[in-house]
Amino acid sequence: MAVTMYCPFLTVDYKDKNGKLRIKCERAVINFPDDKERKEFVCKYCGSISGWERCSIAQSAISHYERLDNDKKN
């Protein structure tokens, strides 16, 4: 079953050449030991319409872009 990804910072959800499950976003690469843990994370954060905003990695990206915007204004 496909999951809609709501996080605007997610770039790819994939397996590497060794079959290791990963999520890659603008700020991090997250490795998972198994598909169950990856699915739980995706459902809680990346694939949740409101949950992605609670992800600490997404919050870091938001803070970064807000700082850039403030620097441009000053």
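In this predicted model, Asp16 has a relative accessibility of 16% and therefore counts as buried, the cut-off being under 20%. Its salt-bridge partner is Arg22, with a nitrogen-to-oxygen distance of 3.4 Å between the two side chains. Arg22, at 23% relative accessibility, falls in the partly exposed class. The pair thus brings together a buried acid and a partly exposed base.

Arg22 also offers a convenient way into the sheet. Arg22 stands opposite Asn31, a residue of β3. Strand β2, which covers residues 21–25, is joined to β3 in the antiparallel sense over 4 bridges. Together with β1, these strands make up an open sheet of 3 strands in the order β1-β2-β3, with antiparallel pairing. At the edges are β1 (10–15) and β3 (29–32), each of which pairs on one side only. On average, neighbouring strands of the sheet are turned by 15° against each other, when direction is ignored.

What lies across the three strands? Helix α1, made up of residues 35–44, lies across β1, β2 and β3 and runs at about 30° to β2.

Helix α1 carries charged pairs of its own. Asp35 and Arg38, both in this helix, are 3 residues apart, about one turn of the helix. Their side chains meet in a salt bridge with an N to O distance of 2.6 Å. The accessibilities of these two residues fall into separate classes: Asp35 counts as partly exposed at 30%, whereas Arg38 counts as buried at 13%. Asp35 has a further partner in Lys39, the closest N and O atoms of that salt bridge being 3.1 Å apart. Lys39 is also in helix α1, 4 residues from Asp35 and again about one turn of the helix away. With 45% relative accessibility, Lys39 counts as partly exposed. Through shared partners, salt bridges join Asp13, Asp35, Arg38 and Lys39 into one network. For the model as a whole, the count comes to 5 salt bridges.

Attention now turns to the rings. How many aromatic pairs are there? The count comes to 4 aromatic pairs. In one of them, the rings of Phe9 and Tyr65 have centres 6.1 Å apart and planes at 10°; planes under 30 degrees apart count as stacked, so this pair is stacked. Because Phe9 lies in the segment before β1 and Tyr65 in helix α2 (residues 56–73), the pair ties together parts that are 56 residues apart in sequence. Phe9 is buried, with a relative accessible area of 9%, while Tyr65 counts as partly exposed at 37%. Another aromatic pair, Phe41 with Tyr45, is tilted, with 4.9 Å from centre to centre and 50° between the planes. Tyr45 has a relative accessibility of 18% and so counts as buried. Beyond the individual pairs, Phe9 and Tyr65 belong with Trp52 to one aromatic cluster.

Phe41 reappears in the nonpolar interior. Which residues have the most contacts inside the largest nonpolar core? This core has 17 residues, and those with the most contacts inside it are Ile23 and Phe41. At least two of its residues are supplied by each of β2, β3, α1 and α2. When residues up to four places away in sequence are not counted, the residues touched by Ile23 include Leu10, Val12, Val29, Ile30, Phe32, Phe41, Val42 and Cys46. The contacts of Ile23 also include the charged residues Asp13 and Arg38, both of which are members of the salt-bridge network described above.

Cys46, one of the contacts of Ile23, leads on to Cys7. Cys7 is found in the segment before β1 and, at 12% relative accessibility, counts as buried. Leaving aside neighbours within four places in sequence, Cys7 is in contact with Cys46, Trp52 and Ala58. Trp52 links this description back to the aromatic cluster with Phe9 and Tyr65. Finally, Cys7 and Pro33 are separated by 26 residues in sequence and by 22 Å in space, C-alpha to C-alpha.

Technical notes. Residues are numbered from 1 along each chain as its sequence is written. This is a predicted model: local features need pLDDT of at least 70, side-chain atom pairs count only at pLDDT 80 or more; totals for chains, interfaces and linings use all residues. Side-chain values use heavy atoms; hydrogens and water are left out. Two strands pair if DSSP finds at least two bridges between them. Axes are lines fitted to C-alpha atoms, for helices over the stretch in contact, and angles run from 0 to 180 degrees between N-to-C directions. Contact means heavy atoms within 4.5 Å. A salt bridge is a side-chain nitrogen of Lys or Arg within 4 Å of a carboxyl oxygen of Asp or Glu. Buried means under 20% relative accessible area, exposed over 50%, partly exposed in between (1.4 Å probe, protein chains only). Rings of Phe, Tyr and Trp (its six-membered ring) pair if their centres lie within 6.5 Å; planes under 30 degrees apart count as stacked, over 60 as edge-to-face and the rest as tilted. A nonpolar core is a set of buried Ala, Val, Leu, Ile, Met, Phe, Trp, Tyr and Cys residues joined through side-chain atoms within 4.5 Å.
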